Amino acid sequence: MGFRHWVPLASAVAFCLALAAVGASAQDAKRPLPPNAVGADGGWGSKISKEPAAPSQFTDAQLALIKQIDLYFNQLPDIQGAFVQTSADNKRTRGKFYMQRPGRFRFDYNPPSRLVITSDGQYLAIQDLDLKTDDRIALAQTPFRILLRKDVDLLRDAQILELQEVDDVIVISLQDKSPDNPGRIKLYLVKKPALELKEWVTTDTQGLETRVELVELAKAENLDPGLFKPAPVALQKLQ
């Protein structure tokens, strides 16, 4: 299944896991991405209030939801699938993604884009293989630090701004407790038939949102470790 604030030259992160949202926004300033009609306008957000709440205390029911989310991410196996990304200016792009905890993921954007976003667990690389650009940021400076770490504990690591359950969808909006990591990520997880992440929205310090919808999720077997290494263009630039 994202990343202008946590990626200095972008307007969002983006995952998926901007993770993917981060990257395409960074590249929008360099080259327009083609619109894509896939994905419903508004997504889950059409049913959920967009006004964040900042509760100082949680009910027992809310604490149970937080524990469910912690458990989901802590038990998340290697996965792969497809994504649909909608930027703040309503441009849609698609691609494939691969994810392996802790902290490793890859987002390949469909042609004509040759944008690739990878994380090796330490650094996130945003690369345009056509323009031969390579931008790096520490994974710890993105919202995915708290979601893809080895031991996910949202109460310990995140400021929870919103938490609600609507029509079997859990909505949780998070901000890193670290003042060095501004920005916000909102997760949408469906509860049936089993808890599963379906979408996230990243919000940068300017209030710009990037939405990433995950589709065709499947457990991945024997992922190639090379998937999570930056492409050779990065090495060529650094030499």
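## The β4–β5–β6 strands

Strand β4 (residues 115–120) pairs with β5 in the antiparallel sense over five bridges, where strands are DSSP runs of E with at least two residues and helices are runs of H or I with at least four residues, both numbered from the N terminus, and where two strands pair if DSSP finds at least two bridges between them. Within this pairing, S119 stands opposite L124 in β5. The two strands form a hairpin with two residues between them, and G121 in the turn has a positive phi of about 100°.

On to β6 (residues 133–138), β5 again pairs in the antiparallel sense, here over six bridges, with A125 standing opposite R136 in β6. This hairpin has four residues between its strands, and K132 in the turn has a positive phi of about 55°. Strand β5 (residues 123–128) is mostly covered, five of its six residues being buried; buried means under 20% relative accessible area, exposed means over 50%, and partly exposed lies in between, with a 1.4 Å probe and protein chains only.

## Basis of the model and overall composition

The model is a predicted one, in which local features need pLDDT of at least 70 and side-chain atom pairs count only at pLDDT 80 or more, whereas totals for chains, interfaces and linings use all residues. Residues are numbered from 1 along each chain as its sequence is written, and side-chain values use heavy atoms, with hydrogens and water left out.

The chain contains five helices and 11 strands, and 51% of its 239 residues count as buried. Its accessible surface comes to about 11100 Å², of which 50% belongs to carbon and sulfur atoms; such areas come from the Shrake-Rupley method with a 1.4 Å probe, and for residues only the protein chains shown count as cover.

## The sheet and its edges

The 11 strands of an open sheet follow the order β6-β5-β4-β3-β2-β1-β11-β10-β9-β8-β7, with antiparallel pairing. Because β6 and β7 (158–166) stand at the edges with a single partner strand each, one side of each is left without a neighbour in the sheet. The twist from one strand to the next averages 20°, the underlying axes being lines fitted to C-alpha atoms (for helices over the stretch in contact), with angles that run from 0 to 180 degrees between N-to-C directions.

At the β7 end, β7 and β8 pair in the antiparallel sense over eight bridges, and the bridge partner of E165 in β8 is I170. Their hairpin has two residues between the strands, and D167 there takes a positive phi near 50°. Strand β8 (residues 169–176) is in turn joined by six bridges to the antiparallel strand β9 (residues 184–190), where V190 is the bridge partner of V169. Seven of the eight residues of β8 are buried, so β8 is largely enclosed by the rest of the structure.

## Helix packing and the nonpolar core

Helix α2 (residues 60–74) lies across β7, β8, β9 and β10 (196–203), running at about 105° to β7. The largest nonpolar core, a set of buried Ala, Val, Leu, Ile, Met, Phe, Trp, Tyr and Cys residues joined through side-chain atoms within 4.5 Å, has 39 residues, and L174 and L187 touch the most other members. Helix α2 gives the most to this core, with five residues.

Leaving aside neighbours within four places in sequence, L187 is in contact (heavy atoms within 4.5 Å) with F73, L147, I170, V171, I172, L174, L197, E199 and W200.

## Salt bridges

If a salt bridge is taken as a side-chain nitrogen of Lys or Arg within 4 Å of a carboxyl oxygen of Asp or Glu, the count comes to 14. One of them joins K192 and D168, whose closest N and O atoms are 3.5 Å apart. This pair links distant parts of the chain, since K192 lies in the loop between β9 and β10 and D168 in the loop between β7 and β8, 24 residues apart. K192 is exposed, with a relative accessible area of 61%, whereas D168 is partly exposed at 33%.

The side chains of D89 and K91 also meet in a salt bridge, at 3.8 Å from N to O; D89 counts as partly exposed at 45% relative accessibility, and K91 is partly exposed at 24%. In the salt bridge of K198 with E196, the closest N and O atoms are 2.9 Å apart, and K198 is partly exposed at 25%, as is E196 at 25%. Salt bridges that share partners further join R149, D151, R156 and D157 into one network.
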